[in-house]
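Trainee: Please take one part of this model and look at it closely. I would like to hear about a cavity, and then about the elements around it.

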Amino acid sequence: MEVVRTASVGTSSSIGLRLGQVLFSSASLLFMCFNDDDDFYAYTAFCYLVTVMGLVTPWSVTLALLEAYSIIVQRLPLQATVLSVIVSGDLVLSFLSLGGACSTASVTVILIGAGEKHCDRYKLSATMAFLSSFLSFASTFFNFRLLPSLFSS
């Protein structure tokens, strides 16, 4: 039985998902870090988002390199333990980034309601974190579909 490998490890769709994760997590990190406000460190949600995006970016870069290598060599590292680690890491980081994006968005809404005028970068950072977490969820889903076929063989 042939397993359909749409966007799973070692496909061009998968490397597209990884590069999107790198792009959006890096953008979220940069929008948050290059803010001119001195109040940045006063909000735990902002610090949390920076920490999580600081974890998501190298994770996604590493897996994008693995994807590129497997496409170039045309040999997949499809061992059950390797794919389990990738799925677990993606799942954990996608929930962490979603939590960071939600907390940053809620603090930004509160700051806008309090009359703060310099919240555009916070909004952009939260948006980029949402997009990164959605791509990470998609990658988790596609790789999770492939997992049972590796354990059965």
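Mentor: The overall frame comes first, then the cavity, then its surroundings.

This is a predicted model: local features need pLDDT of at least 70, side-chain atom pairs count only at pLDDT 80 or more, and totals for chains, interfaces and linings use all residues. Residues are numbered from 1 along each chain as its sequence is written, and side-chain values use heavy atoms, with hydrogens and water left out.

The protein has four helices and zero strands. Its elements run α-α-α-α from the N terminus on. Helices (H or I, at least four residues) and strands (E, at least two) are DSSP runs, numbered from the N terminus. The C-alpha trace spans about 60 × 25 × 20 Å along its principal axes. Of the 153 residues, 41% count as buried. Buried means under 20% relative accessible area, exposed over 50%, and partly exposed in between, with a 1.4 Å probe and protein chains only.

Now the cavity. A search of the whole structure finds two cavities of 30 Å³ or more. A cavity here is a set of points, on a 1 Å grid over the protein atoms alone, where a 1.4 Å probe fits but cannot get out; lining residues have an atom within 4 Å of a point. Grid points are joined across faces, edges and corners, and a volume is the space filled by probe spheres set on the points. The second largest cavity has a volume of about 40 Å³.

Which residues line the second largest cavity? They are Gln 21, Val 56, Trp 59, Ser 60, Asp 90, Leu 93, Ser 94, Ser 97, Ser 132, Ser 133 and Ser 136. By class, that lining has three nonpolar, seven polar and one charged residues. Ala, Val, Leu, Ile, Met, Phe, Trp, Tyr, Cys and Pro count as nonpolar; Asp, Glu, Lys and Arg count as charged; the others, Gly among them, count as polar.

Helices H2 (44-73), H3 (80-113) and H4 (120-152) each supply at least two lining residues. H3 gives the most, with four.

Take H1 (residues 12-33) next. Gln 21 is one of its buried residues, and Gln 21 is also in the cavity lining. Other buried residues of H1 include Leu 17, Arg 18 and Ser 25. The 22 residues of H1 should span 32 Å at 1.5 Å a residue, and its end C-alpha atoms are 31 Å apart, which agrees. The expected span is 1.5 Å times one less than the number of residues.

H2 passes that check too: its 30 residues should span 44 Å, and its end C-alpha atoms are 44 Å apart. Just after H2, Gln 74 takes a positive phi of about 60°.

In H3, look at Gly 99. With a relative accessible area of 31%, Gly 99 is partly exposed. Gly 99 and the lining residue Ser 133 are 34 residues apart in sequence but 9.2 Å apart in space, C-alpha to C-alpha.

Last, the record. An unreviewed UniProt entry lists residues 15-34, 46-72, 92-112 and 124-144 as "transmembrane region". Positions follow the numbering used here, feature names are shortened, and annotations may be inferred rather than shown by experiment. Over residues 46-72 the model is 100% helix and 0% strand, with end C-alpha atoms 39 Å apart. Residues 92-112 are likewise 100% helix and 0% strand, and the end C-alpha atoms are 30 Å apart.

How values were computed. 1 Å grid on protein atoms, 1.4 Å probe; cavity = no way out; pocket = protein on both sides within 12 Å on 5 of 7 lines; lining within 4 Å.
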